[in-house]
Structures are given as structure tokens and as C-alpha cells.
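Here is a friendly walk through a structure you may not have met before. Have a look at it first, then read on.

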Number of protein chains: 2
Amino acid sequence: MNALKTWAAPHRAAVEAALGGLFHDAWPAPFGAMCRYPLLTGGKRIRPLFAFAAYEAVSGTPDDRDGAMAAALAVELIHTYSLVHDDLPCMDDDDERRGKPTVHIEYGENNAVLVGDALLTEAFRVLARASAPAAEVRLRLVEELSAASGYLGMIGGQARDVGVGGPVTEADDLIGLHDRKTGQLIRSAGRMGALCGGADESQLAALTDYAEAVGLAFQLADDLLDLDEDTDEPSFPKLLGVEATRERCAALSARAQAAVAGFERAEPLRMLARYTIERTI
Amino acid sequence: MNALKTWAAPHRAAVEAALGGLFHDAWPAPFGAMCRYPLLTGGKRIRPLFAFAAYEAVSGTPDDRDGAMAAALAVELIHTYSLVHDDLPCMDDDDERRGKPTVHIEYGENNAVLVGDALLTEAFRVLARASAPAAEVRLRLVEELSAASGYLGMIGGQARDVGVGGPVTEADDLIGLHDRKTGQLIRSAGRMGALCGGADESQLAALTDYAEAVGLAFQLADDLLDLDEDTDEPSFPKLLGVEATRERCAALSARAQAAVAGFERAEPLRMLARYTIERTI
């Protein structure tokens, strides 16, 4: 993991700094601190890293990354808002996240709803105000992100997860759920980074294939890590069996690596795929 | 009001039809019906009407209004999501809106959070996917709407309204609250409509002045209508006195009419200002 850490460290530091710079002009002022609270609790910033890795894979200019940074921040804002709303008492009812009180515990449930709404909205403002890429590409980023995080993507997956459409009893249904709940945002991180780097449609298709495999494998791997947990939640090991889940995870890993074989600077993508998947197989 | 109704009727019908066409491709399918439920409860569509009126004031082509329609839908999606989240038990805890059960009563609190998130996100997708205006202008619409509805605008006003920053005891503070909570979205509706019509910066400034006056007057008028209500909420009649509130409302009305005096096709804007303000003075 050392090569991955070495590559990721400056990107992570830049993301932390940029996130810490948000919401300082809030009115009323204390609301700005409430919005920064869930953003600065030491997440792994996996989605921003996918954006930077995809950007670098298609672009020869890793230093000129203003557009990729905007994409990275927007995706992290969306991810963070989804956690804030997910933690609410009417959703997962979680009191702690990463060892700290969740937003509704710290600031009250009404403010947690508003903080989530503010982070969501700010994601699109960040894209609209970015200095790069060109306006037409930034508009496409808005479309990518709103599709991946909206009712066709993340929110649809969450609705399915809280029971809309009935219980999940089939592996294909669970794949559909996770593809939307977590997969599409990871995929859009990669696609947005690649678009910022000037990817053509064939590069974009390869990265989409890569990210789809990684996103699903991420969930399979998570389910394998949670094997010992006693829960009623549907999971891939329960629906497919442990061995078949492991095999499918390995196949997805191979598919992800093959998808980016044609890129010259794909080592960060390859490392991220390995980190995401191979921690469990 | 007959001239206003005659002008508004086809716009309203078009907005209803367009809103009714949203979310039909949802997964899981029942979630699409949940998202349409709060959109189709017979609102007055005031914000879309401001967008169309501003569009017509600056554009000679009232029939080619695809861009203005996208702006109108986006603003109405934002307005509707804010009602869904406002009605939640942790916010205003309202069981009914427009004579029907609120979303969390009808579908549960968790789904109401998700429906609000979905409507918010879809507002930006509608702008990104619109066939008009040009990409650069649509990106500016994304920036306008995200600023007006985010932590610098509507959400900031709501945070102040639920008590962030302490109690509201001064008229200026209450003006700041309402300017953000309701004024900015109304203003952005007008500005976005005007941008779709190709407004230059001086036209945009005049419309902004108009909409700022109308937005604030709307709230003063609301407070005057609610005079008899026995509540602890701060209000302009309480902080300024009834007569001074009436006078300020009349001054804002005059300011709104003066701001659009230079437009040739401003009759819809003039009628909307009269409707908004003069119902109470």
C-alpha cells in the first residue's frame, strides 16, 4: 500500500484544504461551522482519489488539476451529505460516525437536514464556479453528478434500501441496489475526473467499465468483511454463498484491471482497484 | 386579476404537464410516484410565472421558451423540495399541505427525506439537460440557482429561521432572514428567466431590483395577512408596527413598478407584482 499512500497523500491534503475552505461566508455564521463539521472528520476521500486517478490516466498535465479538484470536491460533498441524511433518526439512526457524534446529535435533527441540503446544493455550485474545464464540460459534469446522485442513482438505491419496492431477495436486485446506492457515485467520480482530463468517448467507456467493476466489487468486499455480523440485511454471501461471492469479486478485480490496460498512466487506478477489492480476497 | 389569469393559464398548464412528466423512469418504480406526489398538489406556480414573465420582458419570442421552461421547472423543484423538508417532524411538523397529507405522513419520514433530496438534485439535472439556452448560459443558471437555494440563500434563511444565530429581534435581521428564505429564490426565478431570454447586464440589474422589492413585499404582505394569528414568531408588524409595515409595502410596490418601467413587454411582471403585493394594501 505504500505506493498508493505516496501517490494519494498530496491529493488528500489538497482535498482537505479545499474542503476546509468552504462555507466560511455563511449567514448565519454558525451555520458555516455546522456545514464544515461532517466534511472534516477524516474520511478516506476514496471518491476524490478516483477522480484524480482517472484525470491523470487520460491527461498529461497532473499539475493543472483545477477541474479535477472541482469534480473531486463535488463528489465528496455529495457523499458527505448522503451520510448526514443517512444517519438521521428516521433513516439509520446513528449517533456516531468516525468516532464523533453525528450531525444531528451535535447540532439537532433540524440542522442536520439543512446541513445535508446545503452540502448537496454546494456540490453543484462548486462545479458551476470552477475555473476549469470549459463551460460545456462543466455542464456535462453537472449532468453526470445529478444523474449519479439523484433518483436514477444514489437516492434510488437508498429508497430501495429502506424498503421501497419490497424486500430484496434476489442477487440481481441487490446488485441493482448497490450499483445505485454506492456504485454510480464512484463511477461518476472516475468519469468526471476523466472528462476534466479531456477523455474521448472510448477512454470514458473504458473508465466506466473499470469503475463499474470496482464499485460492485467494493460492495461484495464489504459484505465479505461483514460476514460475522449478525444482521437481517440482505447480503451477497447470503444470496450467492461465500465462495461464489469471493469468485465474483476476483472476476470483477480482473475486469477492472483489464479495462484500464490501454492507459499509459493507469498505475493509480490499478492501485485503487487493488486497495478497494483485494483487501478481502 | 382576469388579465393575469388569462396570461398565466397556458404557462401554468405547461408547467403542470412538464412536472407530471418527471420521475417516470424511477428505480424502484414506486419511488417515482412518491417524488411526483408533492409536485402535483395544485400549487400556484408563482416562481415559474416570474421566470416566464421575466423571459417575455426581455425576449421577443414567447413561443420558443424551452430554456425558460427548464428554469421554471428547476425553481419549482427547489421550492417543492424545501416544502417537503420543512414539513418534516423535526422542522415544522406539518401533517397537511394544501388539504392533503404531507409526504412524511403519506410515505414515511425516511422517504420524505429522500424525496426532498431527489427533487433538489433533479432541479440541477433539468438545467443540465435542457435543449436551451446555450451551455454557458445554462451553467450560469446552475450557479444562480445553487447560490439562491444554498447556504448563502434559502437554506441559510431556514437555518436562521430555526434559531441558528439566536433569536430574531431586529427588523433588519428579519429582512435578512426573509430575503434569504424566500426572496432569493423568487429573485433567481426572474433572473434565470431573463437570462434565458438573452438579458444584458443592465436588464438583469433592473429585474433583480424588481424581484428584490417583490420578494420582500411578499413577506411583508404575508405578515399583514397573518396579523390576527396568535404566535410567538417575529413579524414585521410586531417589529415595525402595522402602519410602517403597510407603508414599506407600498414603497416596495412602487419600487418594483419603477424598476421595470424601461421594458416594453413588462405587463406580466407588473401584474405579478400587483398580485403579490396589493392583495393586502
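What follows goes from one chain to a helix inside it, then to a few odd spots, and finally to how the two chains meet.

This is a predicted model, where local features need pLDDT of at least 70, side-chain atom pairs count only at pLDDT 80 or more, and totals for chains, interfaces and linings use all residues. Residues are numbered from 1 along each chain as its sequence is written, while chains are lettered from A and ligands numbered from 1 in the order in which they are written.

## Chain A as a whole

Let's start with chain A, which has 13 helices and 2 strands. Helices (H or I, at least four residues) and strands (E, at least two) are DSSP runs, numbered from the N terminus. The radius of gyration of chain A is 18 Å, close to the 19 Å that the globule rule gives for 281 residues, so the chain is as compact as a globular protein of that length. That radius is taken over C-alpha atoms, and the rule is 2.2 Å times the number of residues to the power 0.38. Along its principal axes, the C-alpha trace of chain A spans about 55 × 45 × 35 Å.

How much of chain A is buried? Buried residues make up 56% of its 281 residues. A residue is called buried if 20 or more other C-beta atoms lie within 10 Å of its own, exposed if 12 or fewer, and partly exposed in between, with C-beta atoms placed from the backbone. Of the contacts in chain A with a separation of 6 or more, 71% come from residues 24 or more positions apart. Two residues are in contact if their C-beta atoms, placed from the backbone, lie within 7 Å.

## A helix on the inside

Helix 3 of chain A covers residues 46-58; at 1.5 Å a residue, its 13 residues should span 18 Å, and its end C-alpha atoms are 19 Å apart, which agrees. The expected span is 1.5 Å times one less than the number of residues. In this helix 12 of the 13 residues are buried, so helix 3 is largely enclosed by the rest of the structure. Among those buried residues are A:Arg47, A:Phe50, A:Ala51 and A:Glu56. The cover over them includes helix 1 (2-20), helix 4 (66-86), helix 9 (171-196), helix 10 (201-225) and helix 13 (267-278) of chain A.

A:Ala51 turns up again in the largest nonpolar core, which has 190 residues; those with the most contacts inside it are A:Ala51, A:Ala74, A:Ala217, B:Ala51, B:Ala74 and B:Ala217. A nonpolar core here is a set of buried Ala, Val, Leu, Ile, Met, Phe, Trp, Tyr and Cys residues joined through C-beta atoms within 7 Å. Leaving aside neighbours within four places in sequence, A:Ala217 is in contact with residues including A:Cys249, A:Leu252 and A:Ile277.

## Odd spots in the backbone

Some places have backbone angles worth a look.

| Place | Feature | Value |
|---|---|---|
| A:Trp27 and A:Pro28 | cis peptide bond | omega about -5 degrees |
| B:Ala132 and B:Pro133 | cis peptide bond | omega about -10 degrees |
| B:Phe23 | positive phi, not a glycine | phi about 70 degrees |
| B:Arg98 | positive phi, not a glycine | phi near 50 degrees |

A:Pro28 is found in the loop between helix 1 and helix 2 (29-39) of chain A, and B:Pro133 lies in the loop between helix 6 and helix 7 of chain B. B:Phe23 sits in the loop between helix 1 (2-20) and helix 2 of chain B. With 23 C-beta neighbours inside 10 Å, B:Phe23 counts as buried. B:Arg98 is in the loop between strand 1 (96-97) and strand 2 (100-101) of chain B, and is exposed, with 11 other C-beta atoms within 10 Å.

## Where the chains meet

Now for the pair: 48 residues of chain B are in contact with 49 residues of chain A. Helix 2 (29-39), helix 6 (109-129), helix 7 (135-149) and helix 8 (154-161) of chain B each supply at least two residues of the side that touches chain A. Which helix gives the largest share of that side? That is helix 6 of chain B, with 14 residues. By class, this side of chain B has 27 nonpolar, 10 polar and 11 charged residues. Ala, Val, Leu, Ile, Met, Phe, Trp, Tyr, Cys and Pro count as nonpolar, Asp, Glu, Lys and Arg as charged, and the others, Gly among them, as polar.

Chain B can be laid on chain A with an RMSD of 0.0 Å by a turn of 180 degrees and a shift of 0.0 Å along the axis. That is the relation of a two-fold axis. In chain B, the C-alpha nearest the axis belongs to B:Leu139, 2.9 Å from it. Both copies use the same surface, as 100% of the contact residues of chain B recur in chain A. For the fit, copies are superposed by least squares on the C-alpha atoms of residues with pLDDT of at least 70 in both.
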